[in-house]
Amino acid sequence: MSSGLCLRVLRGSGSAPAASSGSWSRFLSRSGARRGLSGSNSGTMNVFNREMKKRQKNWAGSLQDGQQYDYLRDEVGSRVADRVYDIARTFPLALDLGGGKGHIAEHLSQVQPEVVERLFLTDGSEETLKQRRKSEIPTRCVLADEEFLPFKENTFDLVVSSLSLHWINDLPGALKQIHQVLKPDGVFIGAMVGGETLYELRCSLQLAETEREGGFSPHVSPYTAVTDLGNLLGRAGFTMLTVDIDEVQVHYPGIIEVMTDLQGMGESNCAWNRRSLLHRDTILAAAAIYKEMYGSEDGSVPATFEILYMIGWKPHESQAKPAKRGSATQHQS
Amino acid sequence: MSGSNVWSRSREKIRLFPELFAQCTGEAAVYGKCVAATTTGRQELKKDLCAKEFEALKTCFISAVSDTKVQHVLKC
């Protein structure tokens, strides 16, 4: 069941309800619940409360049994590490942006530790950095906000980022900063959740709130669409772009486990326009709707994570350029 | 370690939710079908469109809660 159907309900019910949900449905129908390409270059969007995100991540980082929630980050981290090996190069200095517990470095060091010689691991959450995984790669931990990188231009050979870009307010700005700190002929390999991630949760809550309360407000973040990613990377100055998409579906016993796990991952909602209260009736209704609309035969419910992988290079004269027009020496036929 | 507060109590209650919900799968399915029908049919989803089905679900849920409470009392 795609979000297209969900959108239909949304447009229909946008007329009746309270102010907050009315503005949400306007936002959605204008940009299709996407962000990152709202047209204006100057006015940065301020969608997320970064202070709150830091607090949430610190809370998640200090949980006693926090590693049970690391499955998604481990999986995506290993896939980013795979993409690093695919590039037949070694990287003297690398930066892991929003790297959390260092999932990428852990995988790199298990399989091919010589690929990266030195690593800077940054994150906004101190508690998470304290839980850093063991790795053979000499690492320096830096407490830094992804939107304000404390590094000089032309410093890094490699920048990686896994599952942290989706909480950044000024994504074009952050990509430009990444481009800046890279050396010419350096590469950026990123993975972010986007597209249709958690559409089941979003739709269930939306329908439940509409039926129970007469309106709804957003509970799941707006995500970047894969079609926008190429533009964003291009505008930031990256060349030789590769963008691909991967769908990870995780099965849970029910909606409560989905939400608890997201909270344990530090992925709770922190958008400014979020409603902090979720009525018990609405939770009950959403649980029933989620199960009925998306549930599997065995009683479990799926949650979809659409991971967008991107690779972009900082330009350098050594890189292959498209041939000049009129320079062909042979006919095609 | 801070003592019991509204957040820890809420989290405790939420932890019990799946077990209680599992006792009302029938009513949940009926309510779910009622709401899901609006995404494919021509009828728009409005407030309380499935109120009857929801009341049945809620009643079942509340009785599951009181059954659990009685069990806990009997245990000690």
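This passage walks through one helix of chain A, a pocket that it helps to line, and the make-up of chain B. The model is a predicted one, so everything below is read from computed coordinates.

A good place to start is helix H3 of chain A, which covers residues 50-61 and counts 12 residues. From first C-alpha to last, H3(A) reaches 16 Å, close to the 16 Å expected at 1.5 Å a residue. Just at the start of the helix sits A:Asn49, with a side-chain oxygen that comes to within 3.2 Å of the backbone nitrogen of A:Glu51. Several residues of H3(A) are buried, namely A:Arg50, A:Met52, A:Lys53, A:Gln56, A:Lys57, A:Ala60 and A:Gly61. Their packing partners in chain A are three helices: H4 (71-86), H6 (126-130) and H10 (255-264).

H3(A) also turns up at the second largest pocket, where it gives the most to the lining, with seven residues. That pocket has a volume of about 420 Å³. Its lining takes in 28 residues, and the ones closest to the centre are A:Lys57, A:Asp123, A:Gly124, A:Ser125 and A:Thr128. A:Lys57 thus shows up twice, being one of the buried residues of H3(A) and one of those closest to the pocket centre. Sorted by class, the lining holds 11 charged and 11 polar residues, along with six nonpolar ones.

Chain B is a simple story to tell. It has three helices and zero strands, so read from the N terminus its elements go α-α-α. Of the 76 residues in chain B, 26% are buried.

Notes
Residues are numbered from 1 along each chain as its sequence is written. Chains are lettered from A and ligands numbered from 1 in the order in which they are written. This is a predicted model: local features need pLDDT of at least 70, side-chain atom pairs count only at pLDDT 80 or more; totals for chains, interfaces and linings use all residues. Side-chain values use heavy atoms; hydrogens and water are left out. Helices (H or I, at least four residues) and strands (E, at least two) are DSSP runs, numbered from the N terminus. The expected span of a helix is 1.5 Å times one less than its number of residues. Buried means under 20% relative accessible area, exposed over 50%, partly exposed in between (1.4 Å probe, protein chains only). Contact means heavy atoms within 4.5 Å. A polar contact is a pair of N or O atoms within 3.5 Å; within protein, one must be able to donate a hydrogen and the other to accept it, and residues adjacent in sequence count only if both atoms are side-chain atoms. On a 1 Å grid over the protein atoms alone, a cavity is a set of points where a 1.4 Å probe fits but cannot get out, and a pocket is an open set with protein on both sides within 12 Å along at least five of seven lines; lining residues have an atom within 4 Å of a point. Grid points are joined across faces, edges and corners, and a volume is the space filled by probe spheres set on the points. Ala, Val, Leu, Ile, Met, Phe, Trp, Tyr, Cys and Pro count as nonpolar, Asp, Glu, Lys and Arg as charged, and the others, Gly among them, as polar.
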